[in-house]
Every structure is written in C-alpha cells, then in structure tokens.
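Got the viewer open? Here's a short tour, one selection at a time, so keep the selection box handy.

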Amino acid sequence: MNLSDGRVIREIMNVYGISAQKKYGQNFLIDDSVLDEIVECSTVTREDTVLEIGPGLGALTRRLSAAAGRVVAVEIDKELIPVLAETLKECENTDIINADILNCDIREIYEKYGNGTGLKVTANLPYYITTPIVLKLLEYSDIINTITVMVQKEVAVRMQAGPGSKDYGALSLAVQYYSEPTVVTSVSPDSFYPSPAVDSAVIRLDVRHDACVDVADPDYMFRIIRATFNMRRKTLPNALCSGIQGLTRERVGEALDVMGKQRTVRGETFTLGEFAELTTLLCDSADNKI
Ligand code: SAM
C-alpha cells in the first residue's frame with residue numbers, strides 16, 4: 001500500500017469513512033522525496049528511539065520504523081487509530097498512543113520506550129499548534145537529542161532569526177537558547193494532500209545539553225524576553241516596567257548603564273547573550289524578581 005499516493009489516501013478515507021480534519025491540521029505528505037529527506041536529516045539509526053507527533057495515516061511512521069530501533073507515535077485523532085493498526089501492522093517496533101501531545105508526559109514516554117540515550121523527535125507537525133509543541137519539547141532538553149519537524153516556512157524563518165530582523169522574537173530566542181536550528185529544505189504545498197495554503201520547511205533543532213550563555217535565572221530571562229517582545233516598539237525600560245510587576249524604570253536603566261547601552265534602547269536589538277547579561281544584572285536585586 002503506497003501511503004504517499006493521493007489516490008490511495010482517498011481510498012483509505014472512503015473505506016474508513018473519514019476525511020482530512022482541518023481542526024487537527026491534517027495535511028498528509030504525498031511526496032516520497034520529502035518523506036525520505038525528513039528521515040535522512042533526522043539522523044535516525046537502529047540505536048534510536050523516535051517520538052513521532054501526529055502519524056496521520058502512517059507514511060512517515062513506516063519509514064521511521066524501518067530506520068529506528070523503536071518508534072512511539074502520538075496521534076490525537078481516534079478515527080485514525082484503526083487505520084494505523086492496518087497500515088503499521090508490519091512495524092513491530094512501533095507503538096501508537098492515542099493522545100494529545102500537549103497533555104503527554106514526555107518523560108514518562110521516554111522512561112517507558114526509550115533506551116537511555118535520549119529521544120529523537122520527528123514529525124510533520126500540525127501547524128495550528130507548532131509553537132506550543134516545539135516549546136514543550138524544548139523543556140525536555142535533557143532527554144531529547146534532536147527535533148526534526150515540518151513547519152510553516154515563516155515559522156522556520158522565525159526560529160532562525162537574529163536581532164534586527166522583523167522575524168526575531170521570543171520563539172527565536174527560546175529555540176536558539178535550547179538548540180542549534182538548521183533549515184534543511186523548503187517544501188511546496190503540492191507535496192501534501194490536501195494542500196496547505198502556505199509554504200513549508202523542514203527544520204532540525206540539535207538540542208543543546210549545555211547552556212550556550214551564562215544566565216542567573218533562565219525562567220526570569222524568558223519573562224524579560226516575553227515582556228520585551230509583547231511591546232517591541234517601546235524602549236526596554238518601558239516595556240519591562242509594563243510587563244513585569246515590581247520592576248522599576250530606574251533599575252532597568254541602571255542595568256543598561258552597566259552594559260554600556262542607551263536607556264532608550266529597544267529590546268528587539270538585543271542578542272541572547274545580552275538578554276542573559278541583563279537578566280543576571282536584574283537578578284542581583286532579588287526584589288525585582290516577582
Ligand atoms: N505524519 C502524517 C503525514 O506526514 O502525512 C500526518 C501529518 S499532519 C500535518 C498532522 C498530524 O498531527 C495529524 O495526523 C493530526 O491528527 C495530528 N495531530 C494534530 N494535533 C495533535 C495533537 N495535539 N497531538 C497529537 N497529534 C496531533
């Protein structure tokens with residue numbers, strides 16, 4: 001059964017009485033070369049346990065099963081579970097969990113299915129929840145080695161963006177703090193059934209196991225980053241005073257003086273290293289951490 005053939009997909013849907021669910025972001029991959037490229041750039045070997053998010057009808061899952069030691073795939077749509085039982089019946093190293101990935105305890109999955117060397121995550125992600133999924137995965141940087149995912153092209157660009165770019169923001173900084181992102185390839189809407197309205201890209205995040213910047217309190221740094229980009233047109237002291245209760249304009253100004261920055265600077269020009277330095281300076285005054 002060729003799961004990357006649009007006619008086969010339509011036939012499966014007829015037989016099972018299902019259709020592609022927009023609410024679950026179901027755009028199935030029908031391009032063999034893209035499917036092969038995702039598996040290749042995931043660098044999956046027989047030593048690896050792969051976590052796939054959203055197996056859909058199983059086209060990518062079957063390839064991952066052939067390359068990996070073990071695959072565990074989390075699918076929210078219960079209508080697809082009987083389809084996957086059929087399409088993956090020869091994939092003995094593959095387990096399907098019917099759940100919402102955002103409600104899953106990934107550490108529990110790792111303890112049950114992993115082999116002690118960390119997970120590789122691979123997915124053609126549902127675009128409506130790309131950012132929450134990626135941010136959740138990055139919280140598990142101690143047990144995840146790589147995250148190779150198909151995302152909207154504009155999201156891939158935001159993940160890689162640096163200071164000075166309009167695409168630079170809280171997502172760029174979170175991704176770059178926890179990983180090293182590489183865009184692997186661009187993918188056109190024709191590679192999916194049904195076709196999405198946007199261009200796509202495959203991006204690989206090589207998860208860092210050691211921090212790339214020194215910062216006194218990473219959680220506080222991300223509060224500062226979120227407050228900055230929530231009001232990206234304001235000066236940094238104004239944005240932080242509006243966004244973080246208890247932080248004064250004076251205290252932020254003093255920290256900027258130490259850094260040799262103008263008090264009128266906008267946070268959107270700051271590098272990750274500068275956000276880390278600012279955080280550490282603000283942390284010196286414990287009163288400011290509310
Ligand atoms: N992997 C398949 C492929 O490449 O053809 C399907 C990819 S499709 C873009 C996204 C898949 O994620 C769908 O199967 C959808 O049902 C599933 N999905 C959507 N939201 C999910 C969630 N919160 N948790 C787990 N799976 C989800």
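Start by colouring the lining of the largest cavity by class: you should get 20 nonpolar, seven polar and three charged residues. Bear in mind throughout that this is a predicted model.

**Stop 1: inside the cavity**

Stay with that cavity for a moment. With a cut-off of 30 Å³ or more, the count is one cavity, and its volume comes to about 390 Å³. Which residues lie nearest the centre of the largest cavity? Select Gly54, Pro55, Gly56, Glu75 and Asn124, and you have them; the whole lining runs to 30 residues.

Now bring up the secondary structure around the largest cavity. Show strand 1 (28-29), strand 2 (49-53), helix 3 (59-67) and strand 3 (70-75): each of these gives the lining at least two residues.

**Stop 2: two domains**

Zoom out and give 6-207 one colour for domain 1, then 218-284 another for domain 2. Their centres, taken over C-alpha atoms, are 35 Å apart. How many residues of domain 1 are in contact with domain 2? Twelve, and they meet twelve residues on the domain 2 side.

Turn on a surface here if you like. Between domain 1 and domain 2 about 870 Å² is buried, with carbon and sulfur atoms giving 72% of that area. On the domain 1 side, pick Tyr168, Leu173 and Tyr177: these lose the most area to domain 2, and together they make up 55% of what that side buries. Don't go hunting for salt bridges across the interface of domain 1 and domain 2, as the rule finds zero there.

**Stop 3: two backbone details**

Next, select Tyr193 and Pro194 as sticks. The peptide bond joining Tyr193 and Pro194 is cis, with omega about -15°. Pro194 sits in the loop that runs between strand 8 (192-193) and strand 9 (200-207).

Last, jump to Thr43, in the loop between helix 2 (32-41) and strand 2. What is phi of Thr43 near? The value is near 50°, which is positive even though the residue is not a glycine.

How values were computed:
Residues numbered from 1 in each chain as written. Predicted model: local features only at pLDDT ≥ 70, side-chain atom pairs only at ≥ 80, totals over all residues. Heavy atoms only, no water. 1 Å grid on protein atoms, 1.4 Å probe; cavity = no way out; pocket = protein on both sides within 12 Å on 5 of 7 lines; lining within 4 Å. Points joined across faces, edges and corners; volume = space filled by probe spheres on them. Helix = DSSP H or I, 4+ residues; strand = E, 2+ residues; numbered from the N terminus. Nonpolar A, V, L, I, M, F, W, Y, C, P; charged D, E, K, R; others polar. Domains from an automatic or database assignment. Contact = heavy atoms within 4.5 Å. Buried area = accessible area lost by both parts, 1.4 Å probe. Salt bridge = Lys/Arg side-chain N within 4 Å of Asp/Glu carboxyl O.
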